[in-house]
Structure formats: structure tokens, C-alpha cells
Amino acid sequence: MERRISYRVVEEETGLRIEQFLRRRGYSRGCLAHLKQRLGGAMVNDRPRYLNERLQTGDVLVIHLCETESSEQILPVNLPLNIIYEDEDLLVVNKAAGMPTHPSMKNYDNSLANALAWYFKEQGKPFVFRCTNRLDRDTSGLTVVAKHLLSSCVLAGMTVRKEIEREYRAIVRGRVEPLLGTISAPLGRKPGSVIERRVDFDDGEYAVTHYRVLSEGNGHSLVALKLETGRTHQIRIHMKYLGYPLIGDYLYNPDMESIGRQALHSYRLAFCHPVTGERMEFTAPLPEDMEQVLRGDKKGK
């Protein structure tokens with residue numbers, strides 16, 4: 001993967017070292033180390049420069065990122081892949097329910113990473129899997145994948161600063177009351193389990209979820225949820241804590257009458273592009289199995 005990014009230095013940036021200039025744009029230590037190791041990693045007015053050199057008004061700084069290695073542990077596999085947006089720096093994928101994000105011992109060749117490894121291999125391009133918002137296997141919907149080290153570190157910083165807006169859709173049984181609200185309950189590991197979490201007011205981590213009911217149908221409610229924090233299984237545990245667990249959730253509410261997986265969908269993502277700064281927003285329609293529950297059709301798969 002090769003990417004060249006150009007910047008023009010304005011008056012307010014005169015005198016900054018190249019390293020300072022880039023740090024202001026979200027370059028991590030890893031990104032800067034990558035540039036330092038490469039001749040021509042940073043060019044000013046078509047001349048190679050060290051990162052400790054200073055910039056002047058009107059200078060044109062060109063950064064050259066070059067990655068030639070691929071993720072060794074990810075097997076390329078030809079799997080269905082729904083890419084809804086792609087440019088030089090990132091992809092936005094609408095992940096299907098039942099597809100793990102990362103390979104694991106029991107899911108070595110059926111993950112989103114495997115599908116993307118195949119996608120890039122077919123183009124003759126190296127691929128390192130860098131997913132910004134990892135979704136659980138049975139959660140469908142939008143996820144962002146960075147194409148190179150810079151977009152990955154900038155997106156990671158935006159995640160820490162809560163600058164990526166994430167909205168989900170979930171289905172629960174019955175009528176949720178009140179119709180909107182905020183759930184603030186710390187989350188921690190459930191004793192004796194490496195997977196399950198629980199509300200833990202003594203030792204748990206701060207966690208906040210905002211919700212509102214969108215509609216009711218067939219004895220179920222469709223709920224919109226916005227994450228203020230991103231703890232493991234946060235929505236699933238918070239809705240159970242409220243008294244309305246997600247249907248189809250094998251860990252926290254094995255109510256499989258209407259759907260065979262947790263009824264949770266990553267519906268909307270909004271953020272500023274990690275390189276251009278452009279405001280971006282994406283939505284993915286509710287998948288068919290969740291629509292079937294609301295319509296009262298036979299069990300979704």
C-alpha cells in the first residue's frame with residue numbers, strides 16, 4: 001500500500017518542526033517512526049527532509065506512506081463482502097450477522113478480516129487488518145476499516161476522544177418505558193467467565209448508553225441507541241439492566257422464539273475523515289431478520 005498526502009504550510013504554522021506539524025494532524029509515534037525509517041518519507045518542496053527540520057509559510061510537505069507486508073495470520077478467503085464506501089484511506093463495510101470481525105481458534109477462515117484479505121489479494125495489494133469499531137459476531141451493520149497506519153491511528157484517537165458517532169438499532173420484547181432515557185451503569189467482567197460482563201458498581205468501568213423507542217410492532221419494540229462509551233457488550237447488558245434485554249441474545253437473554261441471534265444492528269456512523277477532515281455519515285438499513293420480527297413473519301435466521 002502506498003499513499004502520498006500533501007499539506008501546504010500556512011503562516012500560523014511557520015517555525016513548526018515537521019514532527020510537530022504532523023502530530024497536530026493526529027500522526028502517532030508509530031506513524032512518525034515509520035516515516036523516519038524511510039528515505040523520502042517526508043518531502044518539503046520536493047526535497048527529502050528530516051522530521052526535526054522546521055517549516056516555512058508556503059512550504060509543500062508531502063508524506064509518503066509505504067507498507068509492503070500483509071497480516072500473516074489472516075487467511076484470504078472468498079466470502080461475501082458488502083462495502084458501502086471506499087477511498088484511499090478507509091473502507092466502510094456493512095457486516096453480516098454471524099460473521100466474526102477477527103479470526104479466532106474456532107473462526108479461522110470465516111471472518112470479516114478473511115474476506116478483506118481476499119479482496120486486497122485479488123487487487124495485488126498488501127493488507128493489514130485495522131478495524132476501528134469491532135462488532136460482535138452476531139451484530140450486523142457498519143464498521144470502519146483503516147487502509148493504512150495513519151488513518152488507523154487518527155481514527156483510534158477520534159474513538160478515544162468520542163468523536164465518532166455510533167448509533168445502533170435493537171429489538172426487545174414488549175413496550176419499553178420510559179420511551180427515552182439514559183442508562184449509566186458501570187460494567188465489569190462476570191466472575192468465572194472470560195466472555196460475559198455484568199453491571200458492577202464496585203469495580204466496573206464507567207459506561208453510558210442513550211436510548212429512545214422508535215416503533216412498536218408484533219409485541220416488540222425497535223430501539224435506537226447511542227453509545228457515549230464503548231464497553232464490551234455495553235448495549236446488551238444495559239438494556240437487560242433496564243429490564244428489556246435484546247431478543248435472541250444467547251449470553252444474556254436466550255429468547256430465540258423470533259430470531260436466531262441478538263437483535264442488534266450498527267445502523268449509523270458519523271465522523272470526520274482521518275486525512276481530509278471532511279464530515280462523513282453512513283447508514284445501513286435494518287437487516288431482513290430484524291424486519292421480520294417487527295412484521296410478525298416467521299422466525300428470522
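Trainee: Which span should the 12 residues of helix H4 have at 1.5 Å a residue, and how far apart are its end C-alpha atoms?

Mentor: Two remarks on the model come before the reply. This is a predicted model, in which local features need pLDDT of at least 70 and side-chain atom pairs count only at pLDDT 80 or more, while totals for chains, interfaces and linings use all residues. Residues are numbered from 1 along each chain as its sequence is written, and side-chain values use heavy atoms, with hydrogens and water left out. Helices (H or I, at least four residues) and strands (E, at least two) are DSSP runs, numbered from the N terminus. The expected span of a helix is 1.5 Å times one less than its number of residues. For H4 (residues 149–160) this gives 16 Å, and the end C-alpha atoms are 17 Å apart, which agrees. After H4 comes Lys-162, with a positive phi near 60°.

Trainee: Which residues of H4 are buried, and what do they pack against?

Mentor: The general idea concerns periodicity. An α-helix has 3.6 residues a turn, so residues three or four places apart point the same way. Buried means under 20% relative accessible area, exposed over 50%, and partly exposed in between (1.4 Å probe, protein chains only). In H4 the buried residues are Leu-150, Ser-151, Cys-153, Val-154, Leu-155, Gly-157 and Met-158. Their packing partners are strand S1 (2–8), helix H2 (29–36), strand S4 (60–66), strand S8 (140–146) and strand S15 (264–272).

Trainee: How many residues does the largest nonpolar core have, and which of them have the most contacts inside it?

Mentor: A nonpolar core is a set of buried Ala, Val, Leu, Ile, Met, Phe, Trp, Tyr and Cys residues joined through side-chain atoms within 4.5 Å. Here the largest has 35 residues, and Tyr-7, Leu-22, Tyr-27, Leu-61, Ile-63, Leu-150 and Phe-271 have the most contacts inside it. H4 supplies the largest share of this core, 5 residues. Another core, of 16 residues, lies apart from it and includes Ile-183, Val-223, Leu-227 and Leu-246.

Trainee: Which residues is Ile-63 in contact with, leaving aside its neighbours within four places in sequence?

Mentor: Contact means heavy atoms within 4.5 Å. With those neighbours set aside, Ile-63 is in contact with Arg-3, Arg-4, Ile-5, Tyr-7, Leu-22, Tyr-27, Leu-35, Gly-41 and Ala-42.

Trainee: How should strand S6 be read: are its residues buried or exposed?

Mentor: In a regular strand the side chains alternate between the two faces of the sheet. In S6 (residues 90–95), 6 of the 6 residues are buried, so the strand is largely enclosed by the rest of the structure. Leu-90, Val-92 and Asn-94 are buried on one side, and Leu-91, Val-93 and Lys-95 on the other, so that both faces are covered.

Trainee: Which strands pair with S6, and in what sense?

Mentor: Two strands pair if DSSP finds at least two bridges between them. S5 (83–86) pairs with S6 in the antiparallel sense over 3 bridges, and the two form a hairpin with 3 residues between them. Within this pairing, Ile-83 stands opposite Val-93. S6 and S8 are also antiparallel, over 6 bridges, with Ala-146 in S8 as the bridge partner of Leu-90.

Trainee: Where does Leu-81 lie, and what does it contact?

Mentor: Leu-81 lies in the loop between S4 and S5. At 27% relative accessibility, Leu-81 counts as partly exposed. Beyond its neighbours within four places in sequence, Leu-81 is in contact with Val-93, Leu-112, Ala-115, Leu-116 and Tyr-119. Leu-81 and Ala-96 are 15 residues apart in sequence, and their C-alpha atoms are 8.4 Å apart in space.

Trainee: How many salt bridges does the structure hold, and which parts does the pair Glu-67 and Arg-130 tie together?

Mentor: A salt bridge is a side-chain nitrogen of Lys or Arg within 4 Å of a carboxyl oxygen of Asp or Glu. The structure holds 27 of them. In the bridge between Glu-67 and Arg-130, the closest N and O atoms are 2.8 Å apart. Glu-67 lies in the loop between S4 and S5 and Arg-130 in strand S7 (residues 130–131), so the pair ties together parts that are 63 residues apart in sequence. Glu-67 is buried, at 14% relative accessible area, and Arg-130 is buried at 16%. Salt bridges that share partners also join Glu-165, Arg-268, Arg-279 and Glu-281 into one network.
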